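Colleague: I'm new to this one, so could you walk me through it and let me ask how you know each thing?

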Amino acid sequence: MPSTDVEMQSASTIAELVDARAADAAERLYFIAAADSRTLNYRALQASCRRVAALLARAGLQPGEHVSIVMPNGLQTARVLLGAMYGGFCV
């Protein structure tokens, strides 16, 4: 059953929002890169977020710690920024 607006509003973290969308709209597009038209759906976004969050945790960072990222705008930047927030890091 798709998430309702009320369920989305009650989500309090990026992880909860991404997970809810991946559960009910996995194939829906989240991102289209302007430079080369590559796309990212919610299922792929969730997988990317989990990988980035795990990578930061393996590097010894704890949720709540600050992470600085300097990258040009684009698909990879969206993946890294959202992945860090998904893991509870401050970007």
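Modeller: Sure, and keep in mind that this is a predicted model. Let's start with N41, which sits in strand β2, residues 39-41.

Colleague: Why is N41 called buried?

Modeller: Its relative accessible area is 17%. Buried means under 20%, so N41 makes the cut.

Colleague: What makes the pairing of N41 and E27 a polar contact?

Modeller: The side chains of N41 and E27 are joined at 3.1 Å. The limit for a pair of N or O atoms is within 3.5 Å, so that pair qualifies.

Colleague: Which residues does N41 touch, not counting those up to four places away in sequence?

Modeller: N41 touches A26, E27, R28, L29 and Y30. For a contact, heavy atoms have to be within 4.5 Å.

Colleague: Where is Y42, and is Y42 buried or exposed?

Modeller: Y42 is in helix α3, which covers residues 42-58. Its relative accessibility is 13%, and with buried meaning under 20%, Y42 counts as buried.

Colleague: What does Y42 touch, leaving out residues up to four places away in sequence?

Modeller: The list is R21, A22, A25, A26, R28, L29 and Y30. As for N73, it is 31 residues from Y42 along the chain, and their C-alpha atoms are separated by 19 Å.

Colleague: Why does Q46 count as buried?

Modeller: Q46, also found in helix α3, has a relative accessible area of 15%. Under 20% is what buried asks for, so Q46 fits.

Colleague: How far is Q46 from A26, going by C-alpha atoms?

Modeller: They are separated by 9.0 Å, though A26 and Q46 are 20 residues apart along the chain. Not counting residues up to four places away in sequence, Q46 touches V18, D19, A22 and Y86.

Colleague: Let's try a loop. Where does A33 sit, and why is A33 called buried?

Modeller: A33 lies in the loop between β1 (29-32) and β2. Its relative accessible area is 7%; the cut-off is under 20%, so A33 is buried.

Colleague: Which residues is A33 in contact with, leaving aside its neighbours within four places in sequence?

Modeller: R38 and L75. For a distance, take A33 and A15: these residues are 18 apart along the chain, with 22 Å separating their C-alpha atoms.

Colleague: What is notable about phi of S37?

Modeller: Phi of S37 is near 65°, a positive value in a residue other than glycine. S37 is in the loop between β1 and β2 as well.

Colleague: And how do you know that A78 is buried?

Modeller: A78 comes out at 14% relative accessibility. Buried is under 20%, so A78 counts. Its place is in helix α4, residues 75-86. A25 is 53 residues from A78 along the chain, and their C-alpha atoms are separated by 19 Å.

Colleague: Now the whole thing. How many helices and strands are there, and what pattern do they follow?

Modeller: The protein has 4 helices and 2 strands, and along the sequence they read α-α-β-β-α-α.

Colleague: How do you know that the radius of gyration agrees with a compact globule?

Modeller: For 91 residues, a compact globule would come out near 12 Å, and the protein has 13 Å, so the two agree. Along its principal axes, the C-alpha trace spans about 35 × 35 × 20 Å.

Colleague: What share of the residues is buried, and what share of the contacts is long in sequence terms?

Modeller: Buried residues make up 32% of the 91. Among contacts with a separation of 6 or more, 53% come from residues 24 or more positions apart.

Colleague: How many positive and negative side chains are there, and what supplies the exposed area?

Modeller: There are 8 positive and 8 negative side chains, with the centres of the two sets 9 Å apart. The protein exposes about 5,800 Å², and carbon and sulfur atoms supply 56% of it.

Key:
Residues are numbered from 1 along each chain as its sequence is written. This is a predicted model: local features need pLDDT of at least 70, side-chain atom pairs count only at pLDDT 80 or more; totals for chains, interfaces and linings use all residues. Side-chain values use heavy atoms; hydrogens and water are left out. Buried means under 20% relative accessible area, exposed over 50%, partly exposed in between (1.4 Å probe, protein chains only). A polar contact is a pair of N or O atoms within 3.5 Å; within protein, one must be able to donate a hydrogen and the other to accept it, and residues adjacent in sequence count only if both atoms are side-chain atoms. The radius of gyration is taken over C-alpha atoms; the globule rule is 2.2 Å times the number of residues to the power 0.38. Accessible areas come from the Shrake-Rupley method with a 1.4 Å probe; for residues, only the protein chains shown count as cover. Lys and Arg count as positive and Asp and Glu as negative; His and the chain ends are not counted. The place of a charge is taken as NZ of Lys, CZ of Arg, CG of Asp or CD of Glu.
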